[in-house]
Amino acid sequence: MDRIAIIGGARLEGEIPISGAKNSAIKLMVASLLTEEPLRLTNMPRLADTRFLGKLLARLGTEVTETEGPDGPETRLTTREIVSGFAPYDLVRQMRASFNVLGPLLARTGQAKVSLPGGCAIGARPVDLHLKSLEALGARIDLHEGYVYAQAPRGLKGAVIDFPINSVGATEHAILAAVLADGDTVLQNAAAEPELADLADCLNAMGAKVSGAGTRTVEIRGVSRLSGGTHAVIPDRIETGTYAMAAAIAGGEVRLTRTRSDFIQALIDKMVEAGVDVTAHNDGLTVKRNGARLNAVEVTTDPYPGFATDLQAQFMALMTLADGESVFRETIFENRFMHVPELGRLGADITVHGGEARVRGVQSLEGAQVMATDLRASVSLVIAGLAARGETVVNRVYHLDRGFERLEEKLGACGAQVRRLKGDPGEAEVE
Ligand code: UD1
């Protein structure tokens with residue numbers, strides 16, 4: 001397994017182009033199951049997760065072709081026919097979002113058998129709201145031996161679905177299923193993350209009638225078929241925020257391009273409060289810090305437009321070197337402080353009680369061997385490593401490869417000393 005080694009202390013100067021959003025791209029790929037015509041997605045990130053989903057879709061009948069277009073990586077997906085409505089445990093377990101093939105399979109063929117995703121490292125993460133939405137749309141759902149057996153022999157019917165909490169995955173799943181339903185669907189208390197609006201834009205380009213996505217109320221007028229289309233994936237707001245914090249902890253000046261600052265406004269507000277200089281521009285933002293110490297600030301994660309849970313670990317890394325005590329309240333996932341002991345190995349002073357972490361800023365961090373536990377936790381260790389004295393080695397970087405494209409190249413281009421070590425410690429290095 002690969003590792004990432006970082007020698008801390010280098011200031012970052014330069015430009016980082018942001019890739020297409022992973023969390024959008026994987027739902028857009030799934031949307032291709034809804035039509036027999038080709039769907040062309042541009043500004044695609046090339047990640048372990050998109051490759052992985054491509055394999056699952058290929059089993060279901062999608063022809064997936066990756067090309068280099070005039071504006072970067074593209075993926076073309078064509079599902080002339082669904083050849084299998086079966087998504088096995090081994091595939092769904094590895095990437096939870098692949099569970100969202102259930103709705104489109106049901107909408108297009110009237111039946112599907114999809115494995116329950118199971119727990120994951122950051123908490124229980126149930127799918128009850130996904131299943132309730134599909135039932136509200138008229139599907140018959142049976143659970144046997146870890147599998148969801150879904151049937152809608154006479155097709156799905158429009159419905160009013162009132163979500164008790166804002167769930168990104170369940171809202172997306174309901175939209176993906178309702179676009180081909182008979183009649184109108186209204187989603188109340190929907191998740192409003194930018195990826196929802198992106199999904200709706202793509203589906204509308206394919207002939208769907210979705211309005212209000214990106215707000216708490218989404219209306220879908222069912223259509224009898226969708227066509228193909230072309231759609232550009234929105235920029236990755238989590239990658240944007242992560243590199244903003246990399247620049248802030250290392251010091252220097254970094255321009256993040258091909259992205260949108262408004263997607264991370266809650267983070268920018270906190271960074272400015274902490275003393276980082278952030279300037280928005282029409283192609284992204286510039287992050288600057290002159291070396292002065294930052295102030296501790298309080299952060300509570302919330303659904304969009306609140307502070308993203310996917311940026312919490314990185315912001316905590318930044319706060320390990322701030323003056324004073326900062327408080328982090330995690331309200332989305334119950335087990336999202338797994339980076340805390342690893343940051344502790346670098347010298348951070350953090351205590352956790354339930355859903356709250358208190359970070360007392362230290363004078364300096366010191367490089368060490370650390371372990372990645374999930375996607376966002378692992379990149380927080382890279383961020384801390386940029387400011388730590390000496391060498392930090394992050395093990396199990398396959399977590400990072402799921403969501404960050406060419407991380408060492410992007411940071412390296414700004415002067416960071418980051419390199420990838422191939423193979424396990426103890427294994428022969430094949431660098
Ligand atoms: C998505 C993102 C993930 C991000 C999260 C919250 C993708 C691939 N992943 O995950 O990076 O951290 O949004 O912004 O887009 N819940 C239920 N029942 C359900 C579904 C969810 O109780 O059926 C709960 C979850 O346990 C969690 C909360 O709802 O506490 C929000 O989860 P959700 O928004 O669904 O997250 P994901 O879509 O899984």
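**Exercise 1. Find which residues of helix 6 meet which residues of helix 7, then describe how the two helices lie.**

Solution. Start with the contacts: Val 168, Thr 171, Glu 172, Ile 175 and Leu 176 from helix 6 meet Glu 195, Leu 196, Leu 199 and Leu 203 from helix 7. Keep in mind that you're looking at a predicted model.

Next, look at the spacing. Residues three or four places apart point the same way, because an α-helix has 3.6 residues a turn.

Now for the axes. Helix 6 covers residues 168–178 and helix 7 covers residues 194–205; their axes come within 10 Å and cross at roughly 10°. That makes the two helices, 6 and 7, roughly parallel. As for the hand of the crossing between helix 6 and helix 7, it's right-handed.

**Exercise 2. Work out which residues of helix 4 are buried and what covers them.**

Solution. Step one is to go to residues 102–109, which make up helix 4. The buried residues there are Leu 102, Gly 103, Pro 104, Leu 105 and Leu 106.

Step two is the cover. It includes helix 1 (22–31), helix 2 (48–60) and helix 5 (128–136), plus helix 6. Strands take part too, among them strand 7 (111–115) and strand 9 (147–151).

Step three: see what follows the helix. Gly 110 comes after helix 4, and its phi is positive, near 85°.

**Exercise 3. Classify the ring pairs that involve Phe 315.**

Solution. Here's the idea: a pair of aromatic rings is described by the distance of the centres and the angle of the planes. The structure holds three aromatic pairs.

Take Phe 307 and Phe 315. Their centres are 5.6 Å apart with 70° between the planes. Planes over 60 degrees apart count as edge-to-face, and that's the label for Phe 307 and Phe 315.

Now take Phe 315 and Phe 328. The centres are 6.0 Å apart and the planes are at 55°, so this pair is tilted. Where do Phe 315 and Phe 328 sit along the chain? Phe 315 is in helix 10 (residues 312–319) and Phe 328 is in strand 19 (residues 325–329), 13 residues apart, so to speak a link between distant parts of the chain.

Put the pairs together and you get a cluster of Phe 307, Phe 315 and Phe 328. Are these rings buried or exposed? Phe 307 and Phe 315 are both buried, and Phe 328 is buried as well.

One more ring to visit: Tyr 147 has Lys 113 lying over its face, 4.8 Å from the ring centre.

**Exercise 4. Track down the unusual backbone angles at Asn 43, Arg 396 and Pro 305.**

Solution. First, the background: most residues other than glycine have a negative phi, and most peptide bonds are trans.

Check Asn 43. Its phi is positive, near 55°, and the residue isn't a glycine. You'll find Asn 43 in the loop between strand 3 (39–42) and helix 2. Its relative accessibility is 15%, so Asn 43 counts as buried.

Check Arg 396. This residue isn't a glycine either, yet its phi is positive, about 60°. Arg 396 lies in the loop between strand 23 and helix 13 (398–403). With a relative accessible area of 37%, Arg 396 is partly exposed.

Finally, the peptide bond: Tyr 304 and Pro 305 are joined in cis, with omega about 10°. Pro 305 belongs to the loop between strand 18 (299–300) and helix 10.

**Exercise 5. Say where Ala 388, His 399 and Asp 349 are, how accessible they are and what they touch.**

Solution. Leave out neighbours up to four places away in sequence when you list the contacts.

Ala 388 is in the loop between helix 12 (375–387) and strand 23 (391–395). Its relative accessible area is 1%, so Ala 388 is buried. Ala 388 touches Gly 8, Gly 9, Leu 365, Glu 366 and Gly 367.

His 399 is part of helix 13. At 12% relative accessibility, His 399 counts as buried. Its contacts are Ala 372, Thr 373, Asp 374, Leu 375 and Ser 378.

Asp 349 is in strand 20 (residues 349–353). Buried means under 20%, and Asp 349 has 32% relative accessibility, so the residue counts as partly exposed. Asp 349 touches Arg 358, Val 359, Arg 360 and Val 362.

Technical notes. Residues numbered from 1 in each chain as written. Predicted model: local features only at pLDDT ≥ 70, side-chain atom pairs only at ≥ 80, totals over all residues. Heavy atoms only, no water. Phe/Tyr/Trp six-rings, centres within 6.5 Å; stacked < 30°, edge-to-face > 60°. Buried < 20%, exposed > 50% of the residue type's maximum accessible area, 1.4 Å probe, protein only. Helix = DSSP H or I, 4+ residues; strand = E, 2+ residues; numbered from the N terminus. Lys NZ or Arg CZ within 6 Å of the ring centre and 35° of its normal. Axes fitted to C-alpha atoms, helices over the stretch in contact; angles between N-to-C directions. Parallel < 35°, antiparallel > 145°, perpendicular 65-115°, else oblique. Left-handed = near helix turned anticlockwise from the far one by under 90°. Contact = heavy atoms within 4.5 Å.
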